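Hi everyone, and thanks for making room for me today. Please bring up the model on your screens, and I'll walk you through it.

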Amino acid sequence: MPCAVAFAGDLTVRLHLPERTVSSRSPLPPSLVPVHAGSGGGGARGADVLANGERVMWAEKASLYYAAAVTRLRFCVLVIAGLVLTTGSSSAAGGGARPWRDNGWGPWITRVCSLPIPAVAGCDADVVTNSGGTPLASSSPPPNAYAPGQFHSAYDLPTSAPNSETIGIVDAYNDANVASDLTTFDTYYGLPACTAANGCFTKVNESGGTSYPSSNSDWSLEISLDVEMAHAICQNCKVLLVEANSASLADLGTAENEAVALGASVISNSWGASEYSSETSDEASYFHHPGVAITASAGDAGYGVEFPAASQYVTAVGGTTLNLNSAGGYGSESVWSGTGAGCSRYEPKPSWQHDTGCSKRTVNDVAADADPNTGAAVYDSVSYSGQSGWFQVGGTSLASPLIAAVYALAGTPASDVAGSVPYANAGLLHDVTSGSDGSCGGTYLCTAGPGYDAPTGLGTPDGLGAFSSAPATVPGAPTGLAATAGNGSVALSWTAPSSNGGSQLTGYSIYRGTTKGGEGTTAVATVTGTSYADTGVTNGTTYYYEVSAVNSVGTGPASNEASATPQAVTGDFSLSISSPSSRYLGSSGSASYTVTITPSNGFSGAVSLNVTGLPAGVSGSFSPNPATSSSTLTLTWSGERFSRTTFTVTGTSGSLSHSTSASLQLR
């Protein structure tokens with residue numbers, strides 16, 4: 001097999017070639033021919049390769065190398081101008097990729113799967129490793145990895161869809177442990193069980209059967225990420241995993257069609273191949289499914305385009321770096337430098353895209369968290385590069401199932417037209433305005449700015465409104481309203497509604513009345529949280545409350561009614577004996593105790609003290625008496641013998657009376 005590759009600088013390139021044809025319907029390109037180093041959308045990241053005239057963009061900086069396939073490899077050696085180019089087997093993570101740091105900071109990361117080539121996909125996952133490229137796996141989730149609840153909080157997402165939706169996950173090869181790994185993930189985070197037994201999880205091969213393809217540890221980590229993220233985001237959705245026989249577009253496309261045939265209403269594709277001239281024919285065969293919302297990851301090689309993200313029939317999903325605020329909610333986002341983006345070479349521009357920098361399809365449409373530095377916790381018991389357990393994983397492979405699950409939560413995938421829905425609701429997204437994924441002369445094709453840009457599309461989820469073809473509605477009713485009476489106040493608390501109506505909540509309106517059902521229509525207060533202290537009330541009067549949630553559409557229905565009667569609180573006090581509470585009476589004939597008066601609810605009066613229960617021959621006196629804060633009790637022994645006795649100190653102030661006890665023993 002003739003081989004040639006362009007190179008930039010002093011670089012040894014290892015090009016991994018498959019031992020076998022991936023698919024008889026779509027064989028690997030029989031030749032590779034050189035092109036000018038640095039050409040293509042991601043030229044700043046290294047050399048390109050042409051396979052049968054199709055561009056394969058190298059996905060890493062010149063000091064790094066990637067693999068081009070995931071199977072065992074043949075040996076090939078070429079010498080070009082003194083540069084040795086080798087192909088052969090490698091046990092390193094990501095098919096031979098060296099670890100790197102995103103923009104030089106954060107943990108080491110590496111690509112999970114091999115580099116894609118035309119018509120043969122690579123998965124778009126990246127895993128956190130040590131400096132030598134060994135993935136960091138542990139018995140519990142990595143401390144910096146995001147948990148399901150953090151994604152829900154950051155993107156203002158509910159946990160359940162209003163309808164019964166099935167999320168299809170299409171990946172290559174078999175993950176033999178995916179069902180048990182999902183159970184481990186769900187158990188750790190307290191999520192609803194998603195198993196074959198309860199009908200939530202189904203796994204089939206690309207023909208819908210249960211004779212699964214061969215296993216592949218790289219793709220197993222990808223599968224774990226996809227399945228666990230889909231269930232984490234939409235927790236009442238069914239998850240359908242369809243495993244393709246290989247990473248060829250022919251096999252993956254067959255699996256795509258099978259997912260549709262088996263009822264998937266949403267499909268996530270966390271993989272991509274380099275663009276190729278016949279992709280427009282393949283997209284019609286595999287990705288044109290009206291009534292099914294299909295997402296595709298943009299790639300992890302920086303500025304440049306993959307297929308099927310380039311397809312006009314899918315929602316292309318770019319990647320961001322997601323930062324949380326101190327409360328665990330949305331803080332900020334910027335472009336993840338690894339996200340794919342740019343102009344398709346072949347795909348026509350869909351009617352809903354109106355940017356002018358690309359005459360053809362522009363990638364992306366929307367985005368979500370993808371930076372491995374802010375990646376997700378993923379459980380995978382299949383040994384990946386000798387490691388298993390909990391990993392921290394990112395890449396646009398994280399963003400694709402996340403957005404697919406958001407489509408499912410929005411509840412209207414059957415009415416969605418390809419990736420058009422967010423374009424009609426762009427104002428309901430987080431607009432990402434900073435960051436870049438490569439060099440494009442500073443244009444919106446690789447640099448974020450206000451409004452649409454290629455790396456992040458229209459933005460990231462801010463509730464469900466941008467992903468529903470149905471117009472946003474008012475939110476649902478808050479639940480669990482409780483009222484607790486105080487002195488001249490009532491404390492209210494409640495739970496947010498399960499549905500925000502497809503638009504982010506802006507606050508809550510508090511309604512109050514003095515008769516049951518008499519809260520009226522005028523709010524006494526508006527708050528942003530789920531609690532409120534009402535101080536404009538009169539003691540002895542019963543007040544009735546309702547709370548309604550508010551979004552950009554309007555005010556939703558009222559919560560349950562709750563009531564409380566504030567009361568004036570009478571001042572009070574308590575007594576205690578210290579220094580200490582048990583004493584010995586020795587030859588000196590006296591012992592002293594400190595009696596402490598502790599006021600509560602504004603008590604400020606004097607307390608008269610007396611002592612009872614003393615044995616014969618023992619007398620007691622207080623100084624001072626009455627007292628306001630403390631008094632010293634002195635007990636005097638007159639010589640009559642006794643053993644051990646317990647006495648009582650009583651304090652009286654008006655109608656209030658309290659007592660405390662201590663013991664005395666003759667030494």
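A quick word on naming before the tour: helices here are DSSP runs of H or I with at least four residues, strands are runs of E with at least two, and both are numbered from the N terminus. Keep in mind, too, that this is a predicted model.

With that naming, the chain has six helices and 41 strands. It runs to 667 residues, 56% of which count as buried. As for how the chain folds back on itself, take the contacts between residues at least 6 apart in sequence: 70% of them join residues at least 24 apart.

Let's go to helix α3, residues 217–233. Does its length fit the usual rise? At 1.5 Å a residue, these 17 residues should span 24 Å, and the end C-alpha atoms are indeed 24 Å apart, so the two agree. 

How many of the residues of α3 are buried? The count is 16 of the 17, so the rest of the structure largely encloses this helix. At its N-terminal end sits a cap, Asn216, with a side-chain oxygen 3.0 Å from the backbone nitrogen of Asp218.

Stay with α3 for the packing. In soluble globular proteins, nonpolar side chains tend to be buried together. The largest nonpolar core here has 96 residues, and the members that touch the most others are Phe151, Val227, Ile233 and Phe467. Which helix gives this core its largest share? That is α6, residues 396–410, with eleven residues. To get a feel for the packing, click on Val227: leaving aside neighbours within four places in sequence, Val227 is in contact with Ile169, Val178, Leu182, Phe201, Val239 and Leu241. There is also another core, lying apart from that one, with 21 residues, among them Phe573, Val618, Ala627 and Leu656.

Now for the aromatics. Searching the whole structure turns up 19 aromatic pairs. The one I'd like you to look at is Phe185 with Trp390: the ring centres are 6.0 Å apart and the planes meet at 35°, so this pair counts as tilted. That angle falls between the cut-offs, since planes under 30 degrees apart count as stacked and those over 60 as edge-to-face. Phe185 belongs to helix α2, residues 178–189, while Trp390 belongs to strand β23, residues 387–394, so the pair ties together parts 205 residues apart in sequence. Both Phe185 and Trp390 are buried. They also have company, as Phe185, Tyr188, Tyr189, Tyr379 and Trp390 make up one aromatic cluster. Elsewhere, you can find a charge over a ring: Lys203 lies over the face of Tyr212, 4.1 Å from the ring centre.

Next, two residues with distant partners along the chain. Leu428 is in the loop between α6 and β24. Which residue, 75 places away in sequence, has its C-alpha 6.8 Å from that of Leu428? It is Ser503. Not counting residues up to four places away in sequence, Leu428 touches Asp462, Gly465, Ala466, Gly502 and Ser503.

The other is Arg101, in strand β6, residues 100–102. Is Arg101 buried or exposed? In fact Arg101 is partly exposed, because its relative accessibility is 35%, and that class covers values between 20% and 50%. Beyond four places in sequence, Arg101 touches Gly106, Pro107 and Trp108. Its C-alpha is separated by 9.8 Å from the C-alpha of Pro372, which is 271 residues away along the chain.

I'll finish with some backbone details, the kind of thing that is fun to check by eye. Where should you look for cis peptide bonds? One runs from Ser623 to Pro624, with omega near -5°, and another joins Asn625 and Pro626, with omega about 0°. Pro624 is in the loop between β38, residues 618–623, and β39, residues 630–637, and Pro626 is placed in the loop between β38 and β39 as well.

Then there are positive phi values in residues other than glycine. Tyr173 has phi near 70°, and this residue is in the loop between β10 and α2. With a relative accessibility of 3%, Tyr173 counts as buried, the limit being under 20%. For Asn601, phi is positive too, at about 55°, although this residue is not a glycine. You will find Asn601 in the loop between β36, residues 590–600, and β37, residues 608–612.

That's my tour, so thanks for listening, and let's open the floor.

Definitions and conventions. Residues numbered from 1 in each chain as written. Predicted model: local features only at pLDDT ≥ 70, side-chain atom pairs only at ≥ 80, totals over all residues. Heavy atoms only, no water. Expected span 1.5 Å × (residues − 1). Buried < 20%, exposed > 50% of the residue type's maximum accessible area, 1.4 Å probe, protein only. Polar contact = N/O pair within 3.5 Å; in protein donor to acceptor, adjacent residues only side chain to side chain. Core = buried A, V, L, I, M, F, W, Y, C linked by side-chain atoms within 4.5 Å. Contact = heavy atoms within 4.5 Å. Phe/Tyr/Trp six-rings, centres within 6.5 Å; stacked < 30°, edge-to-face > 60°. Lys NZ or Arg CZ within 6 Å of the ring centre and 35° of its normal.
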